[in-house]
Amino acid sequence: MSHFTNIKTKLKDKDFLIKALNSLGYAIKENVLLNNPVNHKHDQVQVEVGVTKYVGFKISDDGVFELVTELDTWEEPFPVERFLQKVTQAYAKCAVVETARSKGFNVTTEQKDVDNTIEIVMEKW
C-alpha cells in the first residue's frame with residue numbers, strides 16, 4: 001500500500017526554504033494540497049511549501065519542516081536523500097548570506113568546488 005512519507009529535516013525558516021528551493025530551480029507554491037497519484041487511495045496532505053504535485057514541505061508540531069512525498073512517484077533524477085542534501089545546502093547558504101548581509105557584510109566572491117563545497121568570501125566596511 002502506498003502512502004505519503006514524512007521525512008524530518010532541521011529546516012525551520014520558511015523564507016529561507018523557499019529561497020533555497022527557488023535557487024535550485026523549483027517553482028514553489030505555498031499552502032497546497034499534494035495530489036494523490038493515479039490508483040493510489042490515501043489521504044491527501046496539505047503542505048506549506050509545494051515543490052511538485054507529489055512533493056512538499058509541511059511544518060511539524062515541533063516547528064521543523066518535514067519533506068512530504070509519495071515515494072512511489074518520485075520523479076526527480078536523483079534519490080530523495082540527494083534532494084534533501086541539495087535543499088539543506090542551499091538553505092544553509094541562504095541563511096548565512098542573509099544573516100551576514102543583515103549585519104552589514106557584502107559577498108565579494110562565491111565559488112562551488114567539484115566536491116560541492118561552497119566557499120563564500122564576505123567583507124564589511
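In the predicted model, Gly-56 stands opposite Val-68 of strand S5. The strands concerned are S4, residues 55–59, and S5, residues 65–70, which run antiparallel and are joined by five bridges. Both belong to an open sheet of five strands, arranged in the order S1-S5-S4-S3-S2 with antiparallel pairing. Strand S1 (4–8) and strand S2 (29–33) occupy the edges of this sheet; each has a single partner strand, so one side of each lacks a neighbour in the sheet. On average, and with direction ignored, neighbouring strands of the sheet are turned by 40° against each other. In general terms, the strands of a sheet pair through backbone hydrogen bonds, in either a parallel or an antiparallel manner.

Both helices for which packing was computed lie against this five-stranded sheet. Helix H1, residues 14–23, packs on the sheet through contacts with S2, strand S3 (46–52), S4 and S5. The direction of H1 makes about 15° with that of S3. Helix H2 also packs on the sheet, where it touches S1, S3, S4 and S5. For H2, the angle with the direction of S4 is about 60°.A further antiparallel pairing involves S6 and strand S7 (residues 118–123), which are linked by six bridges. Within this pairing, Thr-109 stands opposite Val-121 of S7. The hairpin formed by S6 and S7 has five residues between its strands. Asn-116 lies in this loop between S6 and S7, and its phi is near 70°, a positive value in a residue other than glycine. Asn-116 is partly exposed, with a relative accessible area of 29%. A second asparagine, Asn-31, likewise has a positive phi, of about 50°, although it is not a glycine. Asn-31 is placed in strand S2, one of the two strands at the edges of the five-stranded sheet.

The largest pocket of the model has a volume of about 200 Å³. The residues that line this pocket are Ser-23, Leu-24, Arg-82, Lys-86, Gln-89, Ala-90, Lys-93, Cys-94, Glu-110, Lys-112 and Ile-118. Two elements, helix H2 (80–102) and strand S6 (106–112), each give two or more residues to the lining. H2 provides the largest share, with six residues. Classified by side chain, the lining of the largest pocket comprises four nonpolar, two polar and five charged residues. H2 thus appears in two settings: it supplies six residues to the pocket lining, and it packs on the five-stranded sheet.

At the level of the whole protein chain, there are two helices and seven strands. Read along the sequence, these elements follow the pattern β-α-β-β-β-β-α-β-β. The C-alpha trace of the chain spans about 60 × 30 × 25 Å along its principal axes. Of the 125 residues in the chain, 38% count as buried. Among contacts between residues at least 6 apart in sequence, 48% join residues at least 24 apart.

Technical notes: Residues numbered from 1 in each chain as written. Predicted model: local features only at pLDDT ≥ 70, side-chain atom pairs only at ≥ 80, totals over all residues. Heavy atoms only, no water. 1 Å grid on protein atoms, 1.4 Å probe; cavity = no way out; pocket = protein on both sides within 12 Å on 5 of 7 lines; lining within 4 Å. Points joined across faces, edges and corners; volume = space filled by probe spheres on them. Helix = DSSP H or I, 4+ residues; strand = E, 2+ residues; numbered from the N terminus. Nonpolar A, V, L, I, M, F, W, Y, C, P; charged D, E, K, R; others polar. Pairing = 2+ DSSP bridges. Axes fitted to C-alpha atoms, helices over the stretch in contact; angles between N-to-C directions. Contact = heavy atoms within 4.5 Å. Buried < 20%, exposed > 50% of the residue type's maximum accessible area, 1.4 Å probe, protein only.
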